[in-house]
Amino acid sequence: MLILGGTGEARRLAAELPGLVVSSLAGRVAEPRLPEGAVRVGGFGGVDGLVEWLRGNGITAVVDATHPFAARITANAVEATARVGIPLLVLRRPGWAPEPGDDWRWVGSLEEAAAGLPGGRVFLTTGRQDVGVFAGCPQFFLVRSVDPPEPPLPQRLHVLLDRGPFTVDGEVGLMREYRIDVLVTKDSGGGQTAAKLVAARSLGLPVVVVRRPPAPAAETVDSVAAAVAWVRRGSGGA
Ligand code: NAP
């Protein structure tokens, strides 16, 4: 089985299925957290490359456990598994939901977030690949990412290289230290509300939340346990 990874869920799934899977990473992060077991790194070369790789490696099922915003690889997985004639399961963690006290402003895209950005000092947590979208914005940006973002970049910028998990106290401290006016995040989702969202609520800060891309037309579960059950049922051909 192939697990398309790059997420905590993908790592947990690989750990639950020893000897059964090979995990695939895009190779975006210089020092990725590696899943247990067999791992391959790098793009496949579009749908055709993925089809060839699936056939060449005798893959009988694919679990797409990539990030909800990694829409291209998910679309490629839908098409490639259909062409090869093997099952695909999408593991997509639930999105976040606002709670009382939250001031969330939903937008449809990063471009929309950049165009309507309130506030003078922005905490941008959308990942280093997306910083360029904000290059033309006059605001001050505190950017946090695992690896440094590459140009084009906003003129007023401070980059913090860091990788979670983060604590609410730590996030509150950071937002105070940098006198943040607004938080920008994708609706990445996960088991519990992220510390940055709880921190923004406790400080009364608005949050610009970028909506997820549309869900793929494929069988989908929202937990690692459900994905393991799918594999054990034999739905994945394993
Ligand atoms: P994407 O835009 O959907 O995919 C772009 C290209 O990267 C794909 O066409 C594919 O290249 C390659 N690729 C992506 N994921 C891959 C994987 N798991 N294994 C092999 N190749 C992969 O993807 P993205 O948004 O750049 O995300 C890249 C990776 O980072 C994914 O593993 C994702 O789970 C992880 N990630 C993404 C985000 C995010 O916000 N987007 C956040 C956290 C983690 P080819 O066409 O050449 O095969």
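Visitor: What makes the approach of Gly45 to the ligand a polar contact?

Guide: In this predicted model, a backbone N or O atom of Gly45 lies 2.8 Å from an oxygen atom of the ligand. A polar contact is a pair of N or O atoms within 3.5 Å, so the Gly45 pair qualifies at 2.8 Å.

Visitor: What places Arg28 and Gln129 in that category?

Guide: A polar side-chain atom of Arg28 lies 2.9 Å from an oxygen atom of the ligand. For Gln129, a side-chain N or O atom is 3.4 Å from a ligand oxygen atom. Both values are within 3.5 Å, and therefore both pairs count as polar contacts.

Visitor: How much of the ligand does the protein bury?

Guide: Taken alone, the ligand exposes 810 Å². The protein buries 81% of that area.

Visitor: Which residues are closest to the ligand, and how many surround the ligand?

Guide: The ligand is surrounded by 23 residues. The closest are Gly5, Ser24, Phe44, Gly45 and Lys186. A residue belongs to this group because one of its heavy atoms lies within 4 Å of the ligand.

Visitor: Which elements supply the shell, and what is its make-up by class?

Guide: Strand β2 (22-25) and helix α3 (71-84) each supply at least two residues. Helix α3 gives the most, with four residues. By class, the shell holds seven nonpolar, 12 polar and four charged residues.

Visitor: Why are α2 and α3 called oblique to each other?

Guide: Two packed helices are described by the angle between their axes and the distance between the axes. The axes of α2 (residues 46-56) and α3 come within 9 Å and cross at roughly 50°. That angle lies neither under 35 degrees, nor over 145, nor from 65 to 115, and α2 and α3 are therefore oblique. Their crossing is right-handed.

Visitor: What makes α5 oblique to α6?

Guide: Helix α5 (residues 168-177) and helix α6 (residues 195-203) pack at an angle of about 55°, with their axes 8 Å apart. Because about 55° is outside the ranges for roughly parallel, roughly antiparallel and roughly perpendicular, α5 is oblique to α6. The crossing of α5 with α6 is right-handed.

Visitor: Why is α1 called oblique to α7?

Guide: The axes of helix α1 (residues 8-16) and helix α7 (residues 224-232) cross at roughly 40° and come within 10 Å. Angles under 35 degrees count as roughly parallel and those from 65 to 115 as roughly perpendicular, so roughly 40° makes α1 oblique to α7. This crossing, too, is right-handed.

Visitor: Why is a cis peptide bond or a positive phi worth noting?

Guide: Most peptide bonds are trans, and most residues other than glycine have a negative phi.

Visitor: Where are cis peptide bonds found?

Guide: One joins Pro151 and Pro152, with omega about 0°. Pro152 lies in the loop between β8 (140-145) and β9 (157-161). The bond from Gly164 to Pro165 is also cis, with omega near 5°, and Pro165 is found in the loop between β9 and α5.

Visitor: Which residue has a positive phi although it is not a glycine?

Guide: Arg179 has a positive phi of about 50°. Its place is in the loop between α5 and β10 (182-186).

Key
Residues are numbered from 1 along each chain as its sequence is written. This is a predicted model: local features need pLDDT of at least 70, side-chain atom pairs count only at pLDDT 80 or more; totals for chains, interfaces and linings use all residues. Side-chain values use heavy atoms; hydrogens and water are left out. A polar contact is a pair of N or O atoms within 3.5 Å; within protein, one must be able to donate a hydrogen and the other to accept it, and residues adjacent in sequence count only if both atoms are side-chain atoms. Accessible areas come from the Shrake-Rupley method with a 1.4 Å probe; for residues, only the protein chains shown count as cover. Ala, Val, Leu, Ile, Met, Phe, Trp, Tyr, Cys and Pro count as nonpolar, Asp, Glu, Lys and Arg as charged, and the others, Gly among them, as polar. Axes are lines fitted to C-alpha atoms, for helices over the stretch in contact, and angles run from 0 to 180 degrees between N-to-C directions. A crossing is left-handed if the near helix is turned anticlockwise from the far one by less than a right angle, and right-handed if clockwise.
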